Amino acid sequence: MKEKEMITFLETLEDGDWEVSVSAAWTVKDVVAHLVGWTEVDVGSLENIDSLETFFSRRKDFDIDEYNAQVVEKYSPIPPQELLGIWNELLKRRAQLLAEIPREKISQDKILNKYLLQGGNDRHTQYHYEQILSFCMQR
């Protein structure tokens, strides 16, 4: 599933749906914050493609769970529709960078290649779409 399709689906949710728990730790809004946070990583990685080894998400001490918790906390005060707007802007920036940077350069990086060129982001988005859909349907 493409992120834009996910956003279209999320725009149909009612206010109360955003606070539905979809796991022991996260609500729908938390999952979206997580997706926004990883789109930020995509953009930052592309913007720093010539020095990826120094980018924060590539450091040996990078903690994925800590990062996820930080982005959920960062976006918790932001209303859902505004959060979707932020995600849309990040997706536009990522698309712009993907159009500007030669595909060969992106494919040289194993992580960028997996997520940006080989459908990893689509699979990640699909996983969370199904997670959200199953819990929203139970309401």
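Which helix gives the most to the lining of the largest cavity? The helix is α2, with 4 residues. Keep in mind as you read on that this is a predicted model.

**The cavity**

Let's stay with that cavity for a moment. A search of the whole structure turns up 1 cavity of 30 Å³ or more, and the volume of the largest cavity comes to about 50 Å³. Its lining is made of E3, L35, W38, T39, D42, W87, R94, N121, H124 and T125. If you sort the lining by element, α2, α4 and α7 are the ones that give two or more residues. Sorted by class instead, the lining has 3 nonpolar, 4 polar and 3 charged residues.

**The pockets**

Now for the open spaces. Here is how the two pockets and the cavity look side by side.

| Space | Volume | Lining by class |
|---|---|---|
| Largest pocket | about 420 Å³ | 8 nonpolar, 6 polar, 2 charged residues |
| Second largest pocket | about 260 Å³ | 6 nonpolar, 2 polar, 5 charged residues |
| Largest cavity | about 50 Å³ | 3 nonpolar, 4 polar, 3 charged residues |

The largest pocket holds about 420 Å³ of space. It is lined by 16 residues, and those closest to its centre are W38, V41, I64, I111 and Y115. Four elements put two or more residues into this lining: α2 (28-47), α3 (64-75), α6 (110-117) and α7 (120-137). As with the cavity, α2 is a name to look for here, since the largest share of the lining of the largest pocket, 5 residues, comes from α2.

The second largest pocket, at about 260 Å³, has 13 lining residues, and K2, E3, R94, L116 and D122 are the closest to its centre. At least two lining residues each come from α1 (3-10), α4 (80-100), α6 and α7. The largest share this time, 4 residues, belongs to α4. You may recognise E3 and R94 from the cavity: both are in the cavity lining, and both are among the residues closest to the centre of the second largest pocket.

**How the helices pack**

Start with α1 and α4. Their axes come within 11 Å and cross at roughly 165 degrees. Angles over 145 degrees count as roughly antiparallel, so α1 is roughly antiparallel to α4. The crossing of this pair is left-handed. On the α1 side the contact uses E3, K4, M6, I7 and L10, and on the α4 side it uses L84, W87, N88, L91 and R94. By class, that contact divides into 6 nonpolar, 1 polar and 3 charged residues.

Next come α1 and α7, whose axes lie 9 Å apart at an angle of about 20 degrees. The cut-off for roughly parallel is under 35 degrees, which means α1 is roughly parallel to α7. This crossing is left-handed too. From α1 you get E3, M6, F9 and L10, meeting N121, T125, H128, Y129, I132 and L133 of α7. The residues of this contact split into 6 nonpolar, 3 polar and 1 charged.

The remaining pair is α2 and α7, packed at about 170 degrees with axes 10 Å apart. That angle makes α2 roughly antiparallel to α7. V28, V31, H34, L35 and D42 stand on the α2 side of the contact, facing N121, H124, H128, Q131, I132 and C136 of α7. Classed up, the contact has 5 nonpolar, 5 polar and 1 charged residues.

**Where the picture joins up**

Which residues should you click on to tie the packing to the cavity? E3 is a handy one: this α1 residue meets α4, takes part in the contact with α7 and lines the largest cavity. N121 of α7 is another, being in the contact with α1, in the contact with α2 and in the cavity lining. From α2, L35 and D42 belong to the contact with α7 and also line the cavity. On α4, W87 and R94 are part of the contact with α1 and appear in the cavity lining as well. Finally, W38 lines the cavity and is one of the residues closest to the centre of the largest pocket.

Key: Residues numbered from 1 in each chain as written. Predicted model: local features only at pLDDT ≥ 70, side-chain atom pairs only at ≥ 80, totals over all residues. Heavy atoms only, no water. 1 Å grid on protein atoms, 1.4 Å probe; cavity = no way out; pocket = protein on both sides within 12 Å on 5 of 7 lines; lining within 4 Å. Points joined across faces, edges and corners; volume = space filled by probe spheres on them. Nonpolar A, V, L, I, M, F, W, Y, C, P; charged D, E, K, R; others polar. Axes fitted to C-alpha atoms, helices over the stretch in contact; angles between N-to-C directions. Parallel < 35°, antiparallel > 145°, perpendicular 65-115°, else oblique. Left-handed = near helix turned anticlockwise from the far one by under 90°. Contact = heavy atoms within 4.5 Å.
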